[in-house]
Amino acid sequence: ALLRAGDAMHFTSVVNVTLSGLCLELDAALPTGELVSLSRDDFGAPLTARVLWCKSVKKGSKNHLLGLE
């Protein structure tokens, strides 16, 4: 999936999807509250979501997990 945050674009991996939102893994940290756009060709129009939380995958890793709603 492609995530757009402001002028930046990030390729992401979907970790999980629940009724309350989704968790993505990407190579950047994003601030809580930021509005992002998520798109994937086979899902139709882009979705707008808000970053609820962001944490490092593991110490020393550049990858982060994002909780979106």
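1. Let's start with overall size. This is a predicted model, and its radius of gyration is 11 Å, which agrees with the value near 11 Å that a compact globule of 69 residues would have. Along the principal axes, the C-alpha atoms occupy a box of roughly 35 × 30 × 20 Å.

2. The secondary structure is quick to describe: seven strands and zero helices. From the N terminus onwards the order is β-β-β-β-β-β-β. Looking at contacts with a separation of 6 or more, 38% of them link residues that are 24 or more positions apart.

3. On burial and surface, 28% of the 69 residues count as buried. The protein exposes about 4700 Å², and 56% of that area comes from carbon and sulfur atoms.

4. You may like to centre the view on His10, which belongs to strand S2, spanning residues 8–11. Is His10 buried or exposed? With a relative accessible area of 12%, His10 falls under the 20% cut-off, so it is buried. Beyond its neighbours within four places in sequence, His10 touches Ala1, Leu2 and Leu3, and also Leu26, Asp27, Ala28 and Leu30.

5. For those who enjoy ring interactions, how many aromatic pairs does a search of the whole structure find? The search returns zero. Trp53 does have a partner of another kind, though: Lys55 lies over the face of its ring, at 5.4 Å from the ring centre. That distance is within the 6 Å allowed for a charge over a ring.

Technical notes: Residues numbered from 1 in each chain as written. Predicted model: local features only at pLDDT ≥ 70, side-chain atom pairs only at ≥ 80, totals over all residues. Heavy atoms only, no water. Phe/Tyr/Trp six-rings, centres within 6.5 Å; stacked < 30°, edge-to-face > 60°. Lys NZ or Arg CZ within 6 Å of the ring centre and 35° of its normal. Helix = DSSP H or I, 4+ residues; strand = E, 2+ residues; numbered from the N terminus. Rg over C-alpha atoms; globule rule 2.2 N^0.38 Å. Buried < 20%, exposed > 50% of the residue type's maximum accessible area, 1.4 Å probe, protein only. Contact = heavy atoms within 4.5 Å. Areas by Shrake-Rupley, 256 points an atom, 1.4 Å probe, with all protein chains shown as cover.
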